[in-house]
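Hi everyone, thanks for coming. I'd like to walk you through one protein and the ligand it holds, so have a look at this.

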Amino acid sequence: MIELNQLELAAQTFTPGARVAVLTGAGISKESGIPTFREAQTGLWAQFDPQQLATPDAFRRDPDLVWAWYRHRAAVCDKASPNAGHLALHRLEDLVRQVVVLTQNVDGLHVRAGSTDVVELHGSLARYKCSRNCQGSPTFIDIADVSHNDEHAPLCPHCGEPVRPDVVWFGEPLRSSVLRRATVVARTCNIMMIVGTSGLVHPAASLPALARDGGATIIEINPDRTPITPLAHTFLQGPSGEVLPQLIDVIAARREAAEGSRESSDR
Ligand code: OAD
């Protein structure tokens, strides 16, 4: 349980006019039952290292294996629901000027929780594309339109190359429009919260330093310390499904108290 004074200290910066950026990683979805990226995968996938599968080479070598792994991950995400941490970020939108979620996750849970401005830095399990982008980058493919199953990567209806998930793999660049928006948001926010990421993968992991250079208050929420922790003005150590709702409750209570005292002084 986080000390109340730590939450109060963090809550002070969330004024009604605050522009808030939230960089999230797999940790925020842990309490939805989705394994984090670097912990052991479950079941038959436990024998595989995600960092060996999430690569263009792995897909070139064995498109069906990589396709099956992503279809497995998509099925896990479809069964999962947003947790109290995702929902707290949606609730924050009513308390400040702007909340932009910069997520490394591909599980779609922020959008399903109701967050209205989500930048999917690493793509989404819900989108698929031609592995050659034969009609231009990206060439999205609706897999409902092509015969497919969970074992074999379907073929692009335009060029016959295998279809792949629209996610960023190791060694691949982020979509330039996505990186541009994330960089502007990081540079111009008043507060950046970093929630549930090991801070190991760039350029996402470089965004907190950009925000700090831009004068933002940095708040990290994680059960463990990370390479980003030294940058944080406040480190709230704990699971985000508990800490985020506690923080938003304190922000809301301060707001009600301020409005209450304004009303009584107006009388
Ligand atoms: P990781 O698995 O690297 O890190 C998960 C983080 O969540 C760790 O710092 C954990 O301490 C923390 N964590 C665990 N349980 C938590 C909880 N209940 N609440 C809050 N935090 C918790 O996952 P990411 O940092 O997201 O990119 O990995 C970043 C990127 O690495 C992924 O997007 C993926 C991978 O390369 C691509 O695939 C391109």
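Before anything else, one term: a pocket here is an open set of grid points with protein on both sides within 12 Å along at least five of seven lines, and a molecule sits in it if more than half of its atoms lie within 2 Å of those points. Keep in mind that this is a predicted model.

Okay, so where is the ligand? It sits in the largest pocket.

And who's around it? There are 21 residues surrounding the ligand, and the closest are A26, R38, T197, S198 and N222. If you sort that shell by type, you get 7 nonpolar, 10 polar and 4 charged residues.

Now let's look at some backbone atoms. F37 has a polar backbone atom 3.0 Å from an oxygen of the ligand. With G196, again through a polar backbone atom, the distance to a ligand oxygen is 3.3 Å. Then there's S240: one of its backbone N or O atoms lies 3.0 Å from a ligand nitrogen. As for how covered the ligand is, on its own it would expose 790 Å², and the protein buries 91% of that.

Last stop, the aromatic rings. The count comes to 5 aromatic pairs. One of them is F59 with W169, a tilted pair, with 5.4 Å between the centres and 40° between the planes. F59 is in helix α3, residues 56-61, while W169 is in the loop between β5 (163-167) and α7 (176-188), so this pair ties together parts that are 110 residues apart in sequence.

That's my tour, thanks for listening!

Definitions and conventions: Residues are numbered from 1 along each chain as its sequence is written. This is a predicted model: local features need pLDDT of at least 70, side-chain atom pairs count only at pLDDT 80 or more; totals for chains, interfaces and linings use all residues. Side-chain values use heavy atoms; hydrogens and water are left out. A residue is near a molecule or strand if one of its heavy atoms lies within 4 Å of it. A polar contact is a pair of N or O atoms within 3.5 Å; within protein, one must be able to donate a hydrogen and the other to accept it, and residues adjacent in sequence count only if both atoms are side-chain atoms. Accessible areas come from the Shrake-Rupley method with a 1.4 Å probe; for residues, only the protein chains shown count as cover. On a 1 Å grid over the protein atoms alone, a cavity is a set of points where a 1.4 Å probe fits but cannot get out, and a pocket is an open set with protein on both sides within 12 Å along at least five of seven lines; lining residues have an atom within 4 Å of a point. Ala, Val, Leu, Ile, Met, Phe, Trp, Tyr, Cys and Pro count as nonpolar, Asp, Glu, Lys and Arg as charged, and the others, Gly among them, as polar. Rings of Phe, Tyr and Trp (its six-membered ring) pair if their centres lie within 6.5 Å; planes under 30 degrees apart count as stacked, over 60 as edge-to-face and the rest as tilted. Helices (H or I, at least four residues) and strands (E, at least two) are DSSP runs, numbered from the N terminus.
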